[in-house]
Amino acid sequence: MVPCPHDDGGRGPGAPPRPCHPTHREIVLLGYEPGHTTGEARVAGYLKALADHGLPPSAARLHGTHFSRIAGYEVMRELLDACDGRPDFTAVVARDDESAAAAMRVLQERGLRVPEDIAVVGYNDDPVAAEVTPRLTTVHIPAEELGRTAVRLALDGPPATRPERHVLGTHFVIRESVRLLPRI
């Protein structure tokens with residue numbers, strides 16, 4: 001196995017994009033699944049972003065879901081049911097774009113506006129991110145480059161003495177699903 005992780009410049013791969021903070025202080029992470037390596041890295045980034053903005057670990061709002069639209073829909077519905085449709089959070093960071101799209105759908109079905117009431121951010125920059133309304137702000141991972149690098153390294157054969165580590169960069173794709181809140 002050849003590891004080909006990706007990074008977004010040291011802030012952590014789950015860190016919400018700058019338009020979601022520092023003005024948003026109540027940020028839900030939709031997609032916590034202990035033991036899932038990709039999910040764990042994104043949770044670590046989320047927690048680091050909270051700490052970087054002076055929020056304690058107790059501010060973490062982790063809500064489990066799998067990588068799927070159905071799971072994202074169910075968890076967001078449960079979150080809104082638990083607060084009688086009046087969310088005590090202002091932003092949602094989903095572990096993938098499918099979950100984010102599902103969360104947006106539930107919010108809109110419940111009469112909440114994205115981004116005016118709740119900002120939503122996804123991860124992966126899948127085609128769905130540009131297809132939903134409003135278009136989804138997301139973290140772009142270089143999937144094609146990741147695949148090319150993995151194939152090239154596999155064809156090159158095993159590393160001579162120690163495993164190689166190749167880190168590929170990510171970046172935020174800012175679209176219409178986020179906004180800054182006024183500072184209080």
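Trainee: In this predicted model, which residue forms a salt bridge with Arg113?

Mentor: In the predicted model, the closest N and O atoms of the pair are 3.0 Å apart, and a salt bridge requires such atoms within 4 Å. Arg113 counts as partly exposed at 46% relative accessibility, and its partner is likewise partly exposed, with a relative accessible area of 28%. The residue that pairs with Arg113 is Asp117.

Trainee: How many salt bridges does the structure hold?

Mentor: The pair of Arg113 and Asp117 is a salt bridge, and so is the pair of Asp52 and Lys48. For the structure, the number of salt bridges is 9.

Trainee: Where do Asp52 and Lys48 lie, and how many residues apart are they?

Mentor: These two residues form a salt bridge whose closest N and O atoms are 3.0 Å apart. Asp52 counts as partly exposed because its relative accessibility is 47%, and Lys48 counts as partly exposed because its relative accessibility is 34%. Both lie in helix 1, which covers residues 37–52, and their separation, about one turn of the helix, is 4 residues.

Trainee: Which residue forms a salt bridge with Arg110?

Mentor: The closest N and O atoms in this pair are 2.9 Å apart. Arg110 lies in the loop between helix 3 (97–109) and strand 5 (119–124), whereas its partner is in helix 2 (residues 69–82), so the pair ties together parts that are 29 residues apart in sequence. Arg110 is partly exposed at 36% relative accessibility, and the partner is also partly exposed, with a relative accessible area of 44%. That partner is Asp81.

Trainee: Is Ser99 buried or exposed?

Mentor: Ser99 has its place in helix 3, and its side chain makes a polar contact of 2.6 Å with the side chain of Asp96. Because the relative accessible area of Ser99 is 0% and the cut-off is under 20%, the class that applies to Ser99 is buried.

Trainee: Which element gives the most residues to the largest nonpolar core?

Mentor: Nonpolar side chains tend to be buried together in soluble globular proteins. In this model the largest nonpolar core has 26 residues, of which Met76, Leu80, Val92, Leu107 and Val120 touch the most other members. The elements that give two or more residues to this core are strand 2 (27–30), helix 2, strand 4 (91–94), helix 3 and helix 4 (128–131). The element that gives the most, with 7 residues, is helix 3.

Trainee: Leaving aside neighbours within four places in sequence, which residues are in contact with Leu80?

Mentor: Leu80 is one of the residues that touch the most other members of the largest nonpolar core. With its neighbours within four places in sequence left aside, the residues in contact with Leu80 are Gly85, Pro87, Phe89, Val106, Leu107, Arg110 and Leu112.

Trainee: How many residues are in the second, separate core?

Mentor: This core is separate from the largest one, and among its members are Ile27, Val43, Leu50 and Leu55. The number of residues in the second core is 12.

Trainee: What is the form of the peptide bond from Val114 to Pro115?

Mentor: Pro115 lies in the loop between helix 3 and strand 5. A peptide bond of this kind also joins Thr133 and Pro134, where omega is about -5°, and Pro134 is found in the loop between helix 4 and strand 6 (137–140). For the bond from Val114 to Pro115, omega is near 5°, and the form is cis.

Trainee: What is the phi of Asn124?

Mentor: Asn124 has its place in strand 5 and counts as buried, because its relative accessibility is 16%. Asp125, in the loop between strand 5 and helix 4, has a positive phi of about 60° although it is not a glycine, and it is partly exposed, with a relative accessible area of 22%. Asn124 is not a glycine either, yet its phi is positive, at about 120°.

Trainee: Which residue takes a positive phi just after helix 5?

Mentor: Helix 5 (residues 143–156) has 14 residues, and from its first C-alpha to its last it reaches 20 Å, close to the 20 Å expected at 1.5 Å a residue. Just after this helix, the residue with a positive phi of about 90° is Gly157.

Note on methods: Residues are numbered from 1 along each chain as its sequence is written. This is a predicted model: local features need pLDDT of at least 70, side-chain atom pairs count only at pLDDT 80 or more; totals for chains, interfaces and linings use all residues. Side-chain values use heavy atoms; hydrogens and water are left out. The expected span of a helix is 1.5 Å times one less than its number of residues. A salt bridge is a side-chain nitrogen of Lys or Arg within 4 Å of a carboxyl oxygen of Asp or Glu. Buried means under 20% relative accessible area, exposed over 50%, partly exposed in between (1.4 Å probe, protein chains only). A polar contact is a pair of N or O atoms within 3.5 Å; within protein, one must be able to donate a hydrogen and the other to accept it, and residues adjacent in sequence count only if both atoms are side-chain atoms. A nonpolar core is a set of buried Ala, Val, Leu, Ile, Met, Phe, Trp, Tyr and Cys residues joined through side-chain atoms within 4.5 Å. Contact means heavy atoms within 4.5 Å.
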